[in-house]
Amino acid sequence: MTGMRTALRALAVTAAALLAATALSPTAQARPEPRAPEEFVALRSVDPTIIQEMRYTTAHTFMGERVDGYRQPVCILTRPAARALHLAQKRLLRQGYSLKVYDCYRPQRAVDHFVRWAKDLDDQSMKGEFYPLVDKSRLFEDGYIAEKSGHSRGSTVDLTLVRLPALPTRPYRPGERLTPCFAPKGERFPDNSVDMGTGYDCFDTLSHTDDPRIQGAQRTNRQFLKQTLTEVGFVNLPEEWWHFTFKPEPFPDSYFDFPVDRGSVGRH
């Protein structure tokens, strides 16, 4: 019996040692989330007047769900990009307009989510709104989805113009009837922005900033947005009227993966 007790005590000691070793092992510890470099700020801390409608924290996306890495509806940018938007906003407010951002810094995990979704050809739940005329199998070839995004470098922003006073935009209701993103403004998903000819994230050549089919007030609105942002240092992506990158970029070769969360920028 004494031998049995001794053996049981030895087993207990061994088990405790194994548990302690496991608890201390790097693989067993929850890895802390990466944080933004000090050069990143929350846009609201630089300009609280810019309207923020952070789409990727909602289900109203081309995937029909919240995007990985978007934990809070907060716009995060490099400080130079945020300051340039502040300068543009000051000019726009004097003319009765406001900027509205849809997306700012985008973590690499979000881009990876886009790629997984694009490869799943069976998931086309949001096709009716965001890519009604594009075969999903061509999203990579046509340049709508890529494995890297300038947004992950922190100086790229997706945005539009809102005429003041800003009316509220109703929330998207999952499962509601979808209307093509290039339908007339009164028919597509309501947005309190000025009419740019298409909605945001519209996978169609009509989204090209200078598409000749976009005329009248829609073309004027696009050019007004482009000119305003160009004057403060942003460069437009010709394929997307809403997409602008501040130059020179503080991190031209870095793709970050900290989450979109107020805690990522802390007290910077």
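This is a chat about the predicted model shown above.

User: Hi, I'm new to this one. What does the secondary structure of the chain come to?

Analyst: Keep in mind that this is a predicted model. The chain has seven helices and seven strands. Going along the sequence, they follow the pattern α-β-α-β-β-α-β-α-α-β-α-β-β-α.

User: And how much of the chain is buried?

Analyst: Of the 268 residues, 47% are buried. The accessible surface is about 13600 Å², and carbon and sulfur atoms account for 57% of that.

User: What share of the contacts comes from residues 24 or more positions apart?

Analyst: That would be 74%, counting the contacts with a separation of 6 or more.

User: OK, on to the strands. Which strands form the open sheet, and in what order?

Analyst: There are five of them, in the order S2-S4-S5-S7-S6, with mixed pairing. S2 and S6 are at the edges with a single partner strand each, so each has one side without a neighbour in the sheet.

User: What packs on the sheet?

Analyst: Helix H3 does, touching S4, S5, S6 and S7. The direction of H3 makes about 145 degrees with that of S4. H6 packs on the sheet as well, and it touches S4, S5, S6 and S7. For H6, the angle is about 125 degrees, taken with the direction of S5.

User: Let's look at S5. Is it mostly covered or mostly open?

Analyst: Mostly covered: S5 spans residues 156–163, and seven of those eight residues are buried. S5 pairs with S4 (residues 97–103) over six bridges, in the antiparallel sense. S5 also runs antiparallel to S7 (residues 243–246), and three bridges join those two.

User: Which residue stands opposite Asp158?

Analyst: Asp103 does. Asp158 also has a bridge partner in S7, namely His243.

User: What about S6 and S7, how do they pair?

Analyst: They are antiparallel, with three bridges. Asn236, for instance, has Phe244 in S7 as its bridge partner.

User: Back to Asp158 for a second. What does its side chain meet in a salt bridge?

Analyst: Arg106, at 3.6 Å from N to O. Asp158 is in strand S5 while Arg106 is in the loop between S4 and H4, so the salt bridge ties together parts that are 52 residues apart in sequence.

User: Are those two buried or exposed?

Analyst: Asp158 and Arg106 are both buried.

User: How many salt bridges are there in the whole structure?

Analyst: A search turns up 19. One of them is between Lys100 and Glu53, where the closest N and O atoms are 2.7 Å apart. Lys100 is in strand S4, and Glu53 is in the loop between S2 and S3, so to speak a link across distant parts of the chain, 47 residues apart. Lys100 and Glu53 are both buried.

User: Got another one? Which residue pairs with Glu231?

Analyst: Arg91, with 3.4 Å between the closest N and O atoms. Those two are 140 residues apart: Glu231 is in the loop between H6 and strand S6, and Arg91 is in helix H3.

User: And why does Arg91 count as partly exposed?

Analyst: Because its relative accessibility is 27%, and partly exposed runs from 20% to 50%. Glu231 is partly exposed too, with a relative accessible area of 48%.

User: Let's switch to the nonpolar core. Which residues touch the most other members of the largest one?

Analyst: Leu85 and Phe234, out of 62 residues in that core. Several elements supply at least two residues each, among them H3, S4, helix H4 (108–119), S5, H6 and S7. The most comes from H3, which gives six residues.

User: What does Phe234 touch?

Analyst: Leaving out residues up to four places away in sequence, Phe234 touches Ala81, Ala84, Leu85, Ser155, Val157, Leu229, Phe244, Thr245 and Phe246.

User: Nice. Where would you look first to see all this together?

Analyst: Try S5: it pairs with S4, it is joined to S7, and it supplies at least two residues of the largest nonpolar core.

Conventions. Residues numbered from 1 in each chain as written. Predicted model: local features only at pLDDT ≥ 70, side-chain atom pairs only at ≥ 80, totals over all residues. Heavy atoms only, no water. Buried < 20%, exposed > 50% of the residue type's maximum accessible area, 1.4 Å probe, protein only. Helix = DSSP H or I, 4+ residues; strand = E, 2+ residues; numbered from the N terminus. Pairing = 2+ DSSP bridges. Core = buried A, V, L, I, M, F, W, Y, C linked by side-chain atoms within 4.5 Å. Contact = heavy atoms within 4.5 Å. Salt bridge = Lys/Arg side-chain N within 4 Å of Asp/Glu carboxyl O. Areas by Shrake-Rupley, 256 points an atom, 1.4 Å probe, with all protein chains shown as cover. Axes fitted to C-alpha atoms, helices over the stretch in contact; angles between N-to-C directions.
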